[in-house]
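Dear colleague,

Please find below the structure that I am handing over to you. I would be grateful if you would read the notes after it with the structure open.

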Amino acid sequence: MALDADWAERWVRRTADAIADAKDELTELDRQIGDGDHGENLDRGFKAVVARLDDAGPGPADERTVGDVLKLVATTLMSTVGGAAGPLYGTAYLRAAKVSGRAQIDPPAVVAVLEAALEGVSSRGKATVGEKTMVDAWHAAVDAAEAAANDGGSELDVLRAAAETADKAATGTIPMIATKGRASYLGERSAGHEDPGARSTALVLGAALAAALSGPTSADPRSAA
Ligand code: ADP
Ligand code: MG
């Protein structure tokens, strides 16, 4: 299973679908500890990304790199998503794009992509682990992916480790007290609710795995071309 630009495009399209499906759930999570716009924000952003993919896409299909696709996501999210999540995800995808400017990525390169995304989020948001933000999900995913790659795991093993661990880490934010972002205004009252950004991160990484498991389909015109 090659993780190439077509995989990256499937990843992005599946992310858009997953975010659209979970839009109300993400908004409800954000209503509990924020301002109730996280689902709307990301849905608007990823719909814009899909529109740009449908339109011109990131260059000729046989010349595109994984990084070209991720860069298109970054620039689109930065210009269409407001609030904290736009710049945070935008920076994550931009940093990830910088380390994936090649036709295919192998397991260590998948780890490098996730690491770059984590660095982007944490430097932009000045947050570290345990502050009840999306950093908690990204950080756990990087650790798990790195362990899977060091064990000699395949691309699928690495993506599965990242996705499953991010999902658990998102749930793991429930008892935490937020010390960064809007939720930190609630202090101890932020405990007992899942962080919306950690949940959306789990959806993003779940989509990366699903895209690798699915392979090209006819429903995905650019990758079938
Ligand atoms: P806003 O908080 O501006 O309304 P969103 O609702 O779209 O933006 O996104 C909120 C999410 O962004 C939070 O759930 C959290 O995961 C993440 N977040 C907020 N501030 C930070 C930060 N400083 N560092 C990392 N992540 C953050
Ligand atoms: Mg919000």
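The notes below cover the ligand and then the cavity.

This is a predicted model, in which local features need pLDDT of at least 70, side-chain atom pairs count only at pLDDT 80 or more, and totals for chains, interfaces and linings use all residues. Residues are numbered from 1 along each chain as its sequence is written, chains are lettered from A and ligands numbered from 1 in the order in which they are written, and side-chain values use heavy atoms, with hydrogens and water left out.

Ligand 1 sits in the largest pocket (more than half of its atoms lie within 2 Å of the pocket's grid points; a pocket is an open set of points on a 1 Å grid over the protein atoms alone, with protein on both sides within 12 Å along at least five of seven lines). Around ligand 1 there are 20 residues, and D35, H38, A84, G125 and D195 are the closest (a residue counts if one of its heavy atoms lies within 4 Å).

Three polar contacts deserve your attention (pairs of N or O atoms within 3.5 Å). Oxygen atoms of ligand 1 lie 2.6 Å from a polar side-chain atom of D195, 2.9 Å from a polar backbone atom of M134 and 3.0 Å from a polar side-chain atom of D30.

The largest cavity (points where a 1.4 Å probe fits but cannot get out) is lined by W11, A92, Y93, A96, V113, L114, A117 and W138 (lining residues have an atom within 4 Å of a point).

Yours sincerely

Key
Polar contact = N/O pair within 3.5 Å; in protein donor to acceptor, adjacent residues only side chain to side chain.
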